[in-house]
Amino acid sequence: ALAGSALGATLHGLGGASDVVVLSGACGFNAALAALATAPLGKRYALASIVAAVLIERLIDCLGIAALTAPFVLASWAAIAIRRRLTGTSKPGDSHVVHPHA
């Protein structure tokens with residue numbers, strides 16, 4: 001989480017965020033959450049999700065929309081989906097949702 005927050009803030013700073021915004025700590029929030037969510041998948045996925053969360057957050061900010069935690073969710077889901085696809089842990093058509101009437 002600490003590394004994700006630091007990397008997220010650094011990437012935001014390099015991307016042009018003001019010093020005040022970077023130092024507020026908000027720039028590392030989604031990156032830290034993404035790192036925590038994907039850390040069990042390995043360092044590569046955690047790093048990729050941190051970068052993706054920052055990119056998504058920057059894009060949403062450019063559109064003038066409040067990002068909230070959407071960047072972390074989207075980046076984490078993407079990393080998990082990519083890992084599942086690459087490792088073949090889920091087959092097409094498999095549902096992980098429990099249907100009460102099935």
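Is A75 buried or exposed, and what is its relative accessible area? In this predicted model, A75 is buried, with a relative accessible area of 2%, and the views below begin with the whole protein before turning to this residue and to others.

**Figure 1. Overview of the predicted model, a protein of five helices and zero strands.** Read along the sequence, the elements follow the pattern α-α-α-α-α. Of the 102 residues in the protein, 27% are buried, and the accessible surface comes to about 6800 Å², with 68% of that area belonging to carbon and sulfur atoms. Among the contacts with a separation of 6 or more, 52% are accounted for by residues that lie 24 or more positions apart. The mean pLDDT of the protein is 87, and 87% of its residues reach 70 or more. Among the elements, helix α5 has the highest mean pLDDT, at 95, whereas helix α2, made of residues 19-23, has the lowest, at 82. Where pLDDT is low, the predicted coordinates should not be read in detail.

**Figure 2. Close-up of A75 in helix α5.** A75 counts as buried because its relative accessible area is 2%, which falls under the 20% limit for that class. Leaving aside its neighbours within four places in sequence, A75 is in contact with S49, A52, A53 and I56. For A75 and E57, the distance in space is 9.9 Å from C-alpha to C-alpha, while the two residues are 18 residues apart in sequence.

**Figure 3. Close-up of helix α3 and the helices against which its buried residues pack.** Helix α3 spans residues 29-38, and within it N30, A31, A32, A34, A35 and T38 are buried. These buried residues pack against three helices, namely α1 (2-14), α4 (43-62) and α5 (70-87). A residue of helix α5 that belongs in this view is S76, which touches A34, A37 and T38 when residues up to four places away in sequence are not counted. Two of the residues touched by S76, A34 and T38, also appear among the buried residues of α3. S76 itself is buried, since its relative accessible area is 3%.

**Figure 4. Close-up of L11 in helix α1.** Why does L11 count as partly exposed? The relative accessibility of L11 is 26%, and this value lies between the 20% under which a residue is buried and the 50% over which a residue is exposed. Not counting residues up to four places away in sequence, L11 touches V51 and V54. L11 and R58 are 47 residues apart in sequence, and their C-alpha atoms are 10.0 Å apart in space.

**Figure 5. Close-up of a nonpolar surface patch made by L47, V51 and L55.** The patch covers about 260 Å². One of its residues, V51, is also touched by L11, the residue shown in the preceding view. L55 is found in helix α4, and L55 is exposed, with a relative accessible area of 56%.

**Figure 6. Close-up of L68 in the loop between α4 and α5.** The backbone at L68 has a phi near 50°, a positive value in a residue other than glycine. L68 is exposed, with a relative accessible area of 67%.

**Figure 7. Close-up of the cysteines C27 and C62, one buried and one exposed.** C27 has a relative accessible area of 4% and is therefore buried, whereas C62 has a relative accessible area of 67% and is therefore exposed. How many disulfides does the structure hold? The structure holds zero disulfides. A disulfide is a covalent bond between the sulfur atoms of two cysteines.

Conventions. Residues numbered from 1 in each chain as written. Predicted model: local features only at pLDDT ≥ 70, side-chain atom pairs only at ≥ 80, totals over all residues. Heavy atoms only, no water. Buried < 20%, exposed > 50% of the residue type's maximum accessible area, 1.4 Å probe, protein only. Helix = DSSP H or I, 4+ residues; strand = E, 2+ residues; numbered from the N terminus. Contact = heavy atoms within 4.5 Å. Patch = residues over 30% accessible without salt bridge, like charges linked within 9 Å, V, L, I, M, F, W, Y side chains within 5 Å. Areas by Shrake-Rupley, 256 points an atom, 1.4 Å probe, with all protein chains shown as cover. Salt bridge = Lys/Arg side-chain N within 4 Å of Asp/Glu carboxyl O. pLDDT = per-residue confidence, 0-100. Disulfide = S-S within 2.5 Å.
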